[in-house]
Amino acid sequence: MAMPAAARVVLACGLTGLGLVVLNQMTAPSLDPSLERASVLGSILSVLLLLVALLWQRVEPVAPERVPLQGREGLELAPDLDAPLAEELGWGSTMLLTATPAAVVLLHWRGRVLLERGLLGSGAFQPGAICRRCMATGKAISLVDLKLYPGREEFAALPTGLPAVLVQPLGQEGVLVLGGWSPRCFSRSDLIWVEGWARRLTGELARVSAGEAPAGEVSSTAAPGTG
């Protein structure tokens with residue numbers, strides 16, 4: 001990985017300073033205590049600059065490499081959804097696919113898939129142990145590198161080779177599943193977006209499932225977690 005320009009400048013300053021300290025020590029006519037103290041301080045500062053340059057790459061965020069996934073892009077909605085809910089699902093899934101590293105968005109509610117959008121898998125997704133634990137605890141589960149988890153067969157219905165999966169609970173009756181393009185691709189801000197939309201969506205799904213009228217017309221400009 002190439003070193004950033006700022007880190008190279010710091011590294012050059014550290015090497016130059018260390019070289020000048022050595023040169024000054026070697027060409028001094030006499031090694032008095034004041035010169036030795038100055039040389040020690042200069043050496044310490046130069047070494048600190050070298051360490052800063054070397055550590056710079058570790059704190060510099062590196063974008064994960066995108067995996068070339070195979071699959072057909074599309075949108076599948078349950079045919080019996082009412083118009084406001086279908087509009088909400090269409091808007092929300094579009095936002096997640098464009099504003100996050102998600103390659104596929106799938107919504108499973110009360111025993112059936114209501115939405116699958118992006119790269120479509122083989123279908124017939126059924127929640128397993130990971131999704132059930134997510135619903136029971138009410139907390140999202142992020143599988144940052146799917147191939148490392150023994151329960152990855154649960155997501156076999158998603159596109160083959162999917163490197164990362166995020167499972168967000170919708171109360172205790174459903175899950176929102178996002179598959180990412182690369183390992184460790186979902187950031188903290190992505191998790192906040194998904195959680196916000198999930199809260200909004202859970203209430204809407206509960207109302208529709210109970211046969212109640214929608215609380216109001218869904219606005220395409222609303223943000224997740226509002227309304």
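Start in the loop between strand 2 and strand 3, and pick out Arg110 there. Keep in mind as you go that this is a predicted model. Color by backbone torsion if your viewer can do that: Arg110 has a positive phi of about 50 degrees, and it isn't a glycine. That stands out, since most residues other than glycine have a negative phi. Arg110 is partly exposed, because its relative accessibility of 44% falls between the 20% and 50% cut-offs.

Now jump to the loop between strand 6 and helix 5 and select Arg184. Here's another non-glycine with a positive phi, this time about 55 degrees. Is Arg184 buried or exposed? Exposed: its relative accessible area is 55%, and the cut-off is over 50%.

Next, head inside. Select Leu89, Leu107, Leu176, Leu178 and Leu205: in the largest nonpolar core, which has 24 residues, these touch the most other members. To see where that core comes from, show helix 3 (83–99), helix 5 (188–209), strand 2 (102–109), strand 3 (112–120), strand 5 (164–169) and strand 6 (174–180), each of which gives two or more residues. Which element gives the largest share? That's helix 5, with five residues.

Zoom in on Leu89 and show what surrounds it. Beyond its neighbours within four places in sequence, Leu89 is in contact with Leu77, Leu81, Leu107, Leu115, Trp197 and Leu201. There's also a second core, separate from this one, with 22 residues; select Phe125, Phe155, Val167 and Trp181, which are among them.

Time for some empty space. Rolling a probe the size of a water molecule over the atoms shows where it is left. For the second largest pocket, select Leu146, Thr160, Gly161, Leu162 and Pro163, the lining residues that lie nearest its centre. The full lining is 13 residues, and the volume is about 180 Å³. What classes of residue make up the lining? Eight are nonpolar, two polar and three charged.

Last stop: helix 1, residues 5–27. Put a distance label between its end C-alpha atoms and you should get 33 Å. That agrees with the expected span, because 23 residues at 1.5 Å a residue should also come to 33 Å. While you're there, select Ala7, Val10, Gly14 and Val21, which are buried in this helix. An α-helix has 3.6 residues a turn, so residues three or four places apart point the same way. Look down the helix axis with those four residues displayed and see how they sit.

Definitions and conventions
Residues are numbered from 1 along each chain as its sequence is written. This is a predicted model: local features need pLDDT of at least 70, side-chain atom pairs count only at pLDDT 80 or more; totals for chains, interfaces and linings use all residues. Side-chain values use heavy atoms; hydrogens and water are left out. A nonpolar core is a set of buried Ala, Val, Leu, Ile, Met, Phe, Trp, Tyr and Cys residues joined through side-chain atoms within 4.5 Å. Buried means under 20% relative accessible area, exposed over 50%, partly exposed in between (1.4 Å probe, protein chains only). Contact means heavy atoms within 4.5 Å. On a 1 Å grid over the protein atoms alone, a cavity is a set of points where a 1.4 Å probe fits but cannot get out, and a pocket is an open set with protein on both sides within 12 Å along at least five of seven lines; lining residues have an atom within 4 Å of a point. Grid points are joined across faces, edges and corners, and a volume is the space filled by probe spheres set on the points. Ala, Val, Leu, Ile, Met, Phe, Trp, Tyr, Cys and Pro count as nonpolar, Asp, Glu, Lys and Arg as charged, and the others, Gly among them, as polar. The expected span of a helix is 1.5 Å times one less than its number of residues.
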